[in-house]
Amino acid sequence: MSVPKAISPHRLSSLLRRQKDPNLALQLFQNPNPQLQSTKPFRYSLLSYDIIITKLARAKMFDQMDQILLQMGRETRFVTKEIIFCNVISSYARARLPHKALEMFEQIPSFRCRRTLKSYNAVLDALLKCGEIGKMREFLVGLGNQVNPDVCTFNILINANCKYGCLDDARNVFDTMLSRGVEPNEVTFATLISGFCSNCKLEEALRLKEDMSKVYGVKPNSSVYVSLIKELCRIGEFGLAFGLKDEMEREKVTLGLTVYTTFISALFKVGKKDEAHKILEEMKGSGLKPDTVTYNAMIHGFCMENDLNAAYKVLDQMVKEECKADIITYNIIIGGLCKDGKWSEANDLFEDLPRLGYKPDVVSFRTMFVGLCNCRRFNEAATFLDEMLFKGYIPSSEGRQKIVDGLCQEGDMKLLVKVLSSLGNANSIGVDTWELVISMVCKKESLSNVSEKVDTLLVPNNFLYRPKEGKLY
């Protein structure tokens, strides 16, 4: 009987890389030679650690990953590379665990690994992705003079300011960057221009786009053009938008799906279906295949025009071209059906989503709820609201306003109290909703009856008023 050949450290790395299941990969890592009896510990390579840590991080198996990190920390045969910890920090960012990202950063020296600007940038980026702007500021203060910021550092800071609409601060970071002799790159300009466009500062965006090539010698990339084209289409400046498209072709900047989809969506919104179809054909002619986002833009355009037959034809076309629809696709159609007053068909499609392989999300529930209110099906809307809240989804402010407004107009105080009680139990009544109720009651009732109606709505069981806190919910 032949003795099975032992798996070497190099072979283990290869097997781990090919294993798709993170649980099986972990089992293999922990016991690479189960059929062999050996008193010698397995000599894991740094590559094996890197692969298994990456797999566990992507699967969000953080407890298991921590155990492997501890094991790696006891190794004395090699010095761990900083990039491994940067990847771990990024995985915590994707999982929205900023405190864990900071902990990992603090632990890097314990692995006999020197922290460089790479890990500092990784933490800044993680905090930004988690929306922890306050912690970003604290981290920057702690950074002091330990490292010199590079273009990546400044790009992260510019992105943070643009994301929260602090464009003057973003520009100040850009000026500081230049004063320190750090040259901006494509990402710098793409981030700033996107920020200007998102905050309706098109002139500044266009001016910066011209400066980036003439003053700084950086050629505009696809991201720059996409931001500008989106904003131009949004305000209806199609001539200038198509001019930029032509410029992209002259400068040999790749016209990707995003550019074509932007034009298709914008043209549909203004009723220019024929031009949208021309863009679609041009896109296909260039060798690009429409994706789900492209088809969703078309479906949305048809639904906006109440042309549901055309919307369903696009859905059929997606099936024919093996382009898988997503929950957004069906949310758009549900919204179109509700807009057309076909609440029964919308509800049938909503109920059918699990069978089609889709889980209704918060948009699905909110769309149906608003649709029922628009059709003045308030009894169905109230029942649907309870199901919605049970699933953990809160109606939008628009939905809350529509049902309160509608019930007040119809004078159905009994159902109004029931709806407000449901919203109160879910802690989803804001002051705006309460103010709307009072104003609508005042409009409907004579002054002598207002006090009585308000008392009805203020009963403790309705959770509208919390005497202990002394405030409205």
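User: Why is Lys 163 called partly exposed?

Analyst: Happy to walk through it! Lys 163 has a relative accessible area of 48%. Buried means under 20%, exposed means over 50%, and partly exposed is what lies in between, with a 1.4 Å probe and protein chains only. The value for Lys 163 falls in that middle class, so partly exposed is the right label. Do keep in mind that this is a predicted model, in which local features need pLDDT of at least 70, side-chain atom pairs count only at pLDDT 80 or more, and totals for chains, interfaces and linings use all residues. Residues are numbered from 1 along each chain as its sequence is written, and side-chain values use heavy atoms, leaving out hydrogens and water.

User: Where does Lys 163 lie, and what makes its group a positive surface patch?

Analyst: Lys 163 lies in helix H9, residues 151-163; helices are DSSP runs of H or I with at least four residues, numbered from the N terminus. The patch is formed by Lys 163 together with Arg 58, Lys 60, Arg 94 and Arg 96. Patch residues have over 30% relative accessible area and no salt bridge, and like charges are joined within 9 Å. Areas come from the Shrake-Rupley method with a 1.4 Å probe, and each charge is placed at NZ of Lys, CZ of Arg, CG of Asp or CD of Glu. Lys and Arg count as positive, so the patch is called positive. With 48%, Lys 163 passes the area cut-off.

User: Which residues make the negative patch?

Analyst: That one gathers Glu 345, Asp 348, Glu 351 and Glu 387. H20 gives the most to the negative patch, with 3 residues. Glu 351 is found in helix H20, and its relative accessible area of 46% makes it partly exposed.

User: How do you know that Lys 209 and Glu 247 form a salt bridge?

Analyst: A salt bridge needs a side-chain nitrogen of Lys or Arg within 4 Å of a carboxyl oxygen of Asp or Glu. The closest N and O atoms of Lys 209 and Glu 247 are 2.4 Å apart, so the pair qualifies. This pair links distant parts of the chain, 38 residues apart: Lys 209 is in helix H12 (residues 202-214) and Glu 247 in helix H14 (residues 238-250). Lys 209 is buried at 4%, and Glu 247 is also buried at 18%. Both belong to a salt-bridge network with Glu 210 and Lys 214. The structure holds 19 salt bridges.

User: What separates Asp 352 and Arg 355 along helix H20?

Analyst: About one helical turn, because they are 3 residues apart in H20 (residues 343-356). They also form a salt bridge, with N and O atoms 2.7 Å apart. Asp 352 is partly exposed at 23%, whereas Arg 355 is exposed at 62%.

User: Why is Cys 86 in no disulfide?

Analyst: A disulfide is a pair of cysteine sulfur atoms within 2.5 Å. The closest cysteine sulfur to that of Cys 86 belongs to Cys 113 and is 8.3 Å away, too far for a bond. For Cys 152, the closest is in Cys 86, at 9.9 Å, again too far. Cys 86 is buried at 7%, while Cys 152 is partly exposed at 34%. A search of the whole structure finds 0 disulfides.

Notes. Patch = residues over 30% accessible without salt bridge, like charges linked within 9 Å, V, L, I, M, F, W, Y side chains within 5 Å. Helix = DSSP H or I, 4+ residues; strand = E, 2+ residues; numbered from the N terminus.
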